[in-house]
Structures are given as C-alpha cells and as structure tokens.
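Reader: I have a structure open and would like to go through it with you. Could we begin with the sheets?

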Amino acid sequence: MAVADLVFQTLLDRGYHLEGCHHVWNLADSKLWYLSPSQARSFLAMTRASDYQQSVVIPELSLLSEYLPSLARHFSSQTTLNLVDFGCGDGYKAAFLVGTFHSRFRWHYLPLDVNAAFLRQAGRRLNQSNVKLVSFPPGDFLHLSPSQLSDKLSPCPSLFLLLGNTLGNFDDKHPLSFIHQVIRPGDCFIVGNGLVPPLSSADLLAAYSHPQIESWLFQLLALLGLHQQDLTYTVRFVNSRVEECFRFRRAVTLHHLNQALQFKPGDLLIIATSHKYTLASFRHCLATFFPRLQIFTNSNYHYALAFAFC
Ligand SMILES: C[S@@+](CC[C@H](N)C(=O)[O-])C[C@H]1O[C@@H](n2cnc3c(N)ncnc32)[C@H](O)[C@@H]1O
C-alpha cells in the first residue's frame with residue numbers, strides 16, 4: 001500500500017471523536033512518522049537541533065555512559081552478545097553502546113525499523129570488525145511474531161534496546177508485551193524515556209512547539225495533500241501525554257481512495273503523542289512485565305534509563 005493510502009486509511013479506520021462542536025482525529029501512530037524519505041530526513045534534522053539534543057540525546061547518552069559499564073559485569077562470562085535495536089533510527093545509540101564496551105564483546109547486531117533508509121544507515125554505522133549484521137526487512141516490529149525474531153538470535157544472551165523516547169510514543173504498552181515474549185533468562189532490556197520534568201507544563205509545551213518538530217510532523221499531512229497555510233500547529237498536555245496537533249484554519253475536503261473527508265475550521269488532527277511518565281509510573285509500567293529492574297535518572301529527573309533483567 002502506498003504511504004499516502006496507508007495514512008488516509010488510518011484516518012478512515014480511526015474516525016474522530018467530538019470535543020465541543022469540533023471533530024478530533026487521532027492519527028498518532030509512531031510508525032507513520034518515518035515512512036517516507038522526507039519524513040526520515042526531517043526527523044533526523046530535528047534530532048540534531050539543540051533543543052532535542054539537550055532534552056533527549058545528551059541525557060540519554062550520559063546515562064548510558066555512566067551505567068553501561070555495570071552491564072559488562074553482568075555479561076562477564078560472555079564473549080558474544082545479540083544486540084536487538086527496536087526502532088534503531090540511524091544506529092547512533094547502538095554504535096555508542098558498542099563503543100562503550102570497546103572490544104570486550106563480539107556482537108550480532110539486529111536493527112529493526114519501519115524505515116529502510118534507517119536500517120541501511122544503522123548497518124553502515126555498525127560496520128565494524130567485532131559486529132556481525134543480522135538483517136531484517138523494514139516493517140512494524142509489533143507485527144512480528146516472537147518466533148520470527150527469536151529465530152534470528154544466536155544462542156548467546158541478548159541486549160534489547162528501546163531508546164530515544166520510543167516507548168512514550170506508543171499509546172499502550174504493546175512494545176513491552178512483545179519484548180516480554182522474546183526475552184530469555186540472562187538477557188537485558190534497556191529503555192530510555194523522558195519523565196514528567198520538573199518543568200512547568202508551559203515549558204514542556206514550549207519544547208514541543210519547536211518549528212523543527214512542526215516541520216517534521218507536517219510531512220505526514222503533506223503526504224495527504226494538505227497545505228501548511230490551512231493548518232495551525234498546536235501542542236497540548238492531556239492524560240499525561242503531550243499531544244502534537246494541527247488545527248484546521250478553514251474548511252478543507254480531502255479526496256483520496258475514491259472517498260472524501262471533510263474538515264471544518266477548528267477541527268483537530270492529533271499527529272503525535274508522547275507519554276511523560278513520573279518516575280513511579282515509569283517503574284510501574286516496566287515492572288508489570290519486568291520485575292527485575294534498575295532505573296537511573298539524570299540529576300534533574302528529566303530522563304530515565306532502565307535496565308530490565310529476565
Ligand atoms: C524516536 S525514534 C528513536 C531512534 C533511535 N532509537 C534513537 O534513540 O535515536 C523512533 C524510531 O523507531 C522507529 N519506529 C517507530 N515505530 C515503529 C514501529 N512500530 N516499528 C518499527 N519501527 C518503528 C522509527 O522509524 C524511528 O527510527
């Protein structure tokens with residue numbers, strides 16, 4: 001199915017709910033944000049912007065460099081490890097992890113992502129003498145059966161990664177349930193996610209109102225043929241999550257797949273959601289699946305890194 005068809009079909013399938021007299025369409029599904037080359041380019045540009053670096057990349061990398069060495073002790077009797085990177089992006093974090101261990105282990109690296117270009121970039125980045133690439137075609141990792149993944153793993157312990165706030169982009173706990181089904185005794189699952197920061201909600205919303213986030217998320221609507229001048233980007237904090245939305249400024253009719261969808265001024269499209277856990281809710285959400293947990297936070301309790309052991 002073409003990308004635009006998939007996005008339109010998702011709109012049709014999910015429908016809308018009413019807020020007052022306005023229709024609210026929830027199109028927030030993380031796999032839709034990275035499908036086309038322009039979305040992927042725009043996402044990477046956003047991740048290099050200083051706000052994103054300060055709020056996600058730098059806190060996560062500092063926590064990884066501080067606490068990864070303790071994992072070397074956990075795997076002290078091993079020479080080879082599987083490294084399964086859920087939502088690998090450009091592979092930067094996996095390469096950072098491998099680099100942290102120097103040449104202590106040999107790795108079987110299995111990147112998973114919906115975007116083919118990300119998979120290629122991650123493969124190139126991890127092209128090192130102590131890393132063997134195990135390829136998987138692009139796709140939604142939640143559509144894999146646990147055995148499809150387990151069959152690709154070597155008979156050595158595995159490190160599973162879900163980094164960069166990816167967990168918070170899912171509306172339910174589905175990735176945790178999936179990883180719970182594939183993790184085996186001796187394995188470790190590493191999750192990095194933002195916490196509800198000690199920022200005021202106004203500061204939190206300001207961080208998500210960044211023009212580069214707007215530009216990246218608009219790419220999804222451009223695929224549908226919508227025009228930026230017909231929409232206003234808006235961000236709100238509801239139900240413990242940031243919702244990144246576009247509001248229609250005027251009436252628009254969208255024709256696609258032999259159907260027509262009508263939007264009125266004031267109607268809202270939710271394009272992305274990002275759950276912000278408190279430290280307690282982050283622990284609770286993970287502990288439901290992984291009772292053996294270590295959680296670390298940075299000094300301002302803004303970002304958390306968890307090691308879950310099976
Ligand atoms: C927020 S980015 C994080 C990228 C990287 N892990 C990092 O920390 O920089 C989320 C990544 O997950 C991928 N992704 C999101 N939902 C996915 C899904 N359901 N199946 C496969 N990949 C997905 C995206 O393509 C993107 O590369």
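Author: Certainly; please note that this is a predicted model. One open sheet consists of 5 strands in the order β1-β2-β12-β9-β8, with mixed pairing.

Reader: Which strands are at the edges of that sheet?

Author: They are β1 (16–19) and β8 (231–238), each of which pairs on one side only. On average, neighbouring strands of this sheet are turned by 30 degrees against each other, direction ignored.

Reader: How many bridges join β1 to β2, and in which sense do they run?

Author: There are 4 bridges between β1 and β2 (residues 22–26), and the two strands run antiparallel. Leu18 has His23 in β2 as its bridge partner, and Tyr16 is partnered with Trp25 in β2.

Reader: What about the turn in that hairpin: how many residues lie between the strands?

Author: The hairpin of β1 and β2 has 2 residues between the strands, and Gly20 takes a positive phi near 65 degrees there.

Reader: And β2 with β12, parallel or antiparallel?

Author: Parallel: 3 bridges join β2 to β12 (residues 268–275). One of the partners is Ile270 in β12, which stands across from Asn26.

Reader: Which helix lies across β8 and β9?

Author: That is α8 (residues 201–208), which runs at about 140 degrees to β8; the strand β9 covers residues 241–248.

Reader: Let us turn to the other sheet. What is its strand order?

Author: The order is β5-β4-β3-β6-β7-β14-β13, an open sheet of 7 strands with mixed pairing. The strands β5 (131–133) and β13 (292–297) are at the edges; each has a single partner strand, so one side of each is left without a neighbour in the sheet. The twist from one strand to the next averages 20 degrees.

Reader: How do β7 and β14 pair?

Author: Strand β7 (residues 188–194) and strand β14 (residues 303–309) are antiparallel and share 7 bridges. Within this pair, Gly192 is opposite Leu305 in β14. Helix α3 packs on the sheet, touching β7, β13 and β14, and its direction makes about 25 degrees with that of β14.

Reader: Where is Phe75 placed relative to α3?

Author: Phe75 is in the loop between α3 (50–74) and β3 (80–86).

Reader: Why is Phe75 classed as partly exposed?

Author: Phe75 has 19 other C-beta atoms within 10 Å, whereas a buried residue needs 20 or more, so Phe75 counts as partly exposed.

Reader: Which residues does Phe75 touch, leaving aside those up to four places away in sequence?

Author: Phe75 touches Leu81 and Pro157. Phe75 and Pro157 are 82 residues apart along the chain, with 8.1 Å between their C-alpha atoms.

Reader: On to the ligand. Which residues are closest to the ligand?

Author: The closest are Tyr34, Gly87, Gly89, Leu163 and Gly164, in a surrounding set of 20 residues. By class, this shell has 9 nonpolar, 7 polar and 4 charged residues.

Reader: Finally, the overall picture. How many helices and strands are there, and what is the radius of gyration?

Author: The protein has 10 helices and 14 strands. Its radius of gyration is 20 Å, which agrees with the value near 19 Å for a compact globule of 310 residues. The C-alpha atoms fill a box of roughly 65 × 40 × 35 Å along the principal axes.

Reader: What share of the residues count as buried?

Author: Of the 310 residues, 37% count as buried. Among contacts between residues at least 6 apart in sequence, 73% join residues at least 24 apart.

Conventions
Residues numbered from 1 in each chain as written. Predicted model: local features only at pLDDT ≥ 70, side-chain atom pairs only at ≥ 80, totals over all residues. Buried ≥ 20, exposed ≤ 12 C-beta atoms within 10 Å, placed from the backbone. Contact = placed C-beta atoms within 7 Å. Near = placed C-beta within 6 Å. Nonpolar A, V, L, I, M, F, W, Y, C, P; charged D, E, K, R; others polar. Pairing = 2+ DSSP bridges. Axes fitted to C-alpha atoms, helices over the stretch in contact; angles between N-to-C directions. Rg over C-alpha atoms; globule rule 2.2 N^0.38 Å.
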